[in-house]
Amino acid sequence: MTIRRFLFVLGSSRSEGNTELLAREAAEQLPAHVEQEWISLADHPLPDFEDLRHDSDHVRPTEGDAALLLDATLEATDIVIASPLYWYTLSAHTKRYLDHWSGWLRTPGLDFKATLAGRTLWGVAALAHDEEVVADPLVGALHNSAAYMGMRFGGVLLGNGSKPGDVLRDTEALARAKTFFAQEAPLARFPYETD
């Protein structure tokens, strides 16, 4: 049996926000033997991504926050993007992390895409809106990222909350959190591939 290793990438600008609380509720349901690593992007900020693909090769980061996040990403069997819904999409911290994937794709000897292929991408997001459809851009960004990488996509666990702790009163989200990581995650496909 392959040991599963979950990487929780926290994309909120504040600690212990509603998104993180919901992610921790879901993570509590994971079996004890499943490894978990939690990294806050606010505590480990990445620099703005510089697209060098036409200028030079990307160099593998060997120290600092970029190296920490790259190594953790490569070691994970399951990557959980925990980003609150900010202006109907991913937080800036989270988007910057995913932008760095573009550089890691072009880093010689890394085989970033081949390494992540077949692994699972999940999402957790809190939103301050009663209609979950407003989170479609966030869900679409994660789904299409998984499709591009050849990953499985477990979907996005959504919860409602604005003030700190609000999500813990969202009984429907808490109920979904109990089984969220137990579901089978299908291989992600772009919408045009499934029509």
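What follows is a chat between a colleague and a modeller about a predicted model.

Colleague: Let's start with strand β4: how many of its 8 residues are buried?

Modeller: Take the two faces in turn. On one side T120, W122, V124 and A126 are buried, and on the other L121, G123, A125 and L127 are buried too. The strand, residues 120-127, is therefore largely enclosed by the rest of the structure, and the count of buried residues is 8 of the 8.

Colleague: And β4 pairs with β5 over how many bridges?

Modeller: β5 covers residues 152-160, and the two strands run in the parallel sense. One spot to look at is A125, which stands opposite L158 in β5. Between β4 and β5 there are 7 bridges.

Colleague: What is the hand of the β-α-β crossover from β4 to β5?

Modeller: After β4 the chain goes through helix α5, residues 136-149, and then arrives at β5. That crossover is right-handed.

Colleague: Then there's β3: which residue of β4 does A82 stand opposite?

Modeller: Strand β3 is residues 78-82, and 5 bridges join it to β4 in a parallel arrangement. Follow A82 across to β4 and you land on V124.

Colleague: Moving to helix α3, what end-to-end distance do its C-alpha atoms show?

Modeller: The helix runs over residues 92-105, which is 14 residues. At 1.5 Å a residue the expected span is 20 Å, and the model agrees, because the end C-alpha atoms are apart by 20 Å.

Colleague: Is A92 buried or exposed?

Modeller: A92 belongs to helix α3. Its relative accessibility is 53%, and the cut-off to pass is over 50%, so A92 counts as exposed.

Colleague: Which aromatic residue pairs with Y97 inside α3?

Modeller: The buried residues of α3 include Y97, L98, W101 and W104, and their cover includes β1, α2, β3, α4, β4 and α5. Look 4 residues from Y97 in the helix, about one helical turn. There you find an edge-to-face partner, 5.8 Å centre to centre with 75 degrees between the planes: W101.

Colleague: How many aromatic pairs turn up in the whole structure, and what is the geometry of F8 with W38?

Modeller: The search finds 13 aromatic pairs. F8 and W38 sit 3.9 Å apart centre to centre, with 5 degrees between the planes. F8 is in β1 and W38 in β2, so the pair ties together parts 30 residues apart in sequence. As for the geometry, the pair is stacked.

Colleague: Which charged residue sits over the ring of W38?

Modeller: W38 is partly exposed at 22% relative accessibility, while F8 is buried at 0%. Ring pairs also link W38 into a cluster with F6, F8, W122, F180 and F181. The charged end found 3.9 Å from the centre of the W38 ring belongs to R24.

Colleague: What about K113: which ring does K113 lie over?

Modeller: Here the distance to the ring centre is 4.0 Å, and K113 lies over the face of the ring. The ring is that of Y148.

Colleague: Last one: which residues is E75 in contact with, leaving aside neighbours within four places in sequence?

Modeller: E75 lies in helix α2, residues 64-75, and counts as partly exposed at 48% relative accessibility. Its C-alpha is 9.3 Å from that of L116, though the two are 41 residues apart in sequence. The contacts themselves are with R5 and R119.

Methods. Residues numbered from 1 in each chain as written. Predicted model: local features only at pLDDT ≥ 70, side-chain atom pairs only at ≥ 80, totals over all residues. Heavy atoms only, no water. Buried < 20%, exposed > 50% of the residue type's maximum accessible area, 1.4 Å probe, protein only. Pairing = 2+ DSSP bridges. Right-handed = clockwise from strand over helix to strand, strands pointing away. Contact = heavy atoms within 4.5 Å. Expected span 1.5 Å × (residues − 1). Phe/Tyr/Trp six-rings, centres within 6.5 Å; stacked < 30°, edge-to-face > 60°. Lys NZ or Arg CZ within 6 Å of the ring centre and 35° of its normal.
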